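This report introduces a structure to a reader who has not met it before. The sequence and the model are shown below, and the text then turns to the ligand and its surroundings.

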Amino acid sequence: MEKISILGCGTMGHSIALSAAWAGQAVKVYGVNDKDLENAAKGLRSKLKVMAENGLFNEAEAKRIKEHIHFSTSLAEVVEGATLIIEVIPEVLELKKEMYKKLEGMVGEEVVIASNTSGFKPSLLAEEMDHPNRFVVTHFWNPAHLIPLVEVVKGARTDEATVERAMNVLTAMNKKPILLNKELPGFIGNRLQYALFREAQALLDSGAATKEDIDAAVTYSIGRRLPITGPLMTADMGGLDVFSAISNYLFEDLSKAERSGEVLTKLVEEQKLGDKNGEGFYKWGSDISEKINAEREQTLIYFLKNDMKLNGEDGK
Ligand SMILES: NC(=O)c1ccc[n+]([C@@H]2O[C@H](COP(=O)([O-])OP(=O)(O)OC[C@H]3O[C@@H](n4cnc5c(N)ncnc54)[C@H](O)[C@@H]3O)[C@@H](O)[C@H]2O)c1
């Protein structure tokens, strides 16, 4: 079994650690300072509470999971003895490259270094590494403890053995890893997500509908089908002649914007960043934020329990 270390304990880092610990693997997690670790510990406690309340496991299991996660502000302590390191630090290219340089001076060349980057190509991330053969992208989705998909992306110089080790460790974490045939920015999930987001912004900017109605058009229609059939199988079920005919007149009318839309750009300039600071497209009081976040977690847990039943695990 690989010995996993996770670098970064923010939104994604502590939730990836939770996934590993839930699957019975001990993990060491690095945070930049005590405040960073306190936030991670708080996030971990609340996630475990929601998971226990929704019947994924009992209190004793929650305690065991917590004990599997060891936090530290010492990078040396966290990477010591690791066989597979997952880097989950901010999406800043130079910061990530600096971290790999530091790591290569600290661990043997047999240690796999994986990045949770949201979209940088692995060949770009690894371009200054001494041993890029041990580098691979493992892109988890937020919230990582509840979303099964992990995109695995190899760079031009990544070894097959590195890919195999990453796929094995993710499978052991009860994830659904998919391996891309080639590297491209944004991988698959974010390319699809941002195609939808670009069109949603174009509709909003043009005044075609309100933000509420644009969101409703997704959650009450295609959103209802997407958990069951992806876009290609959905097309098969609708009839490819129909989907092709619509593609042929509609594509030319879809947004081809190369930057964020007007409304989004203005909101960001005004520091209206969404749930995290009270206002974005919507207004986010603490009560509404708690309600929507809880609803989303409960629904994700419902899906996860279904997956576990399908896989013959105890999803009750
Ligand atoms: N948030 C998401 O929805 C999401 C989803 C998928 C992938 N990602 C990717 O995961 C990575 C981390 O994102 P996040 O949302 O968890 O970020 P975050 O800001 O919540 O956490 C980043 C963590 O990195 C560490 N860190 C901060 N500055 C550092 C530095 N200078 N050197 C070393 N470590 C430092 C800290 O532990 C910090 O908590 C990014 O590459 C991001 O693109 C994020």
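How many ångströms (Å) separate a polar side-chain atom of Asn 116 from an oxygen atom of the ligand? In this predicted model, the distance for Asn 116 is 3.0 Å. The table sets this contact beside two others of the same kind.

| Residue with the polar side-chain atom | Distance to an oxygen atom of the ligand |
|---|---|
| Glu 91 | 2.6 Å |
| Asn 116 | 3.0 Å |
| Ser 118 | 2.6 Å |

The ligand, taken alone, exposes 830 Å², and 72% of that is buried by the protein. Two elements each give two or more residues to the surrounding shell, namely α5 (93–104) and β6 (135–140). The greatest contribution comes from α5, with three residues.

In total, 21 residues surround the ligand, and Met 12, Asp 36, Glu 91, Lys 96 and Ser 118 are the closest. By character, the shell comprises nine nonpolar, nine polar and three charged residues.

A further region is marked in the UniProt record. There, an unreviewed entry assigns the annotation "domain: 3-hydroxyacyl-CoA dehydrogenase C-terminal" to residues 186–284. This span is 61% helix and 0% strand, and its end C-alpha atoms lie 28 Å apart.

Aromatic rings also feature in the model. The structure contains four aromatic pairs. In addition, the ring of Tyr 282 has the charged end of Lys 211 over it, at 5.3 Å from the ring centre.

Conventions: Residues numbered from 1 in each chain as written. Predicted model: local features only at pLDDT ≥ 70, side-chain atom pairs only at ≥ 80, totals over all residues. Heavy atoms only, no water. Phe/Tyr/Trp six-rings, centres within 6.5 Å; stacked < 30°, edge-to-face > 60°. Lys NZ or Arg CZ within 6 Å of the ring centre and 35° of its normal. UniProt positions renumbered as here; feature names shortened; annotations may be inferred. Helix = DSSP H or I, 4+ residues; strand = E, 2+ residues; numbered from the N terminus. Near = heavy atom within 4 Å. Polar contact = N/O pair within 3.5 Å; in protein donor to acceptor, adjacent residues only side chain to side chain. Areas by Shrake-Rupley, 256 points an atom, 1.4 Å probe, with all protein chains shown as cover. Nonpolar A, V, L, I, M, F, W, Y, C, P; charged D, E, K, R; others polar.
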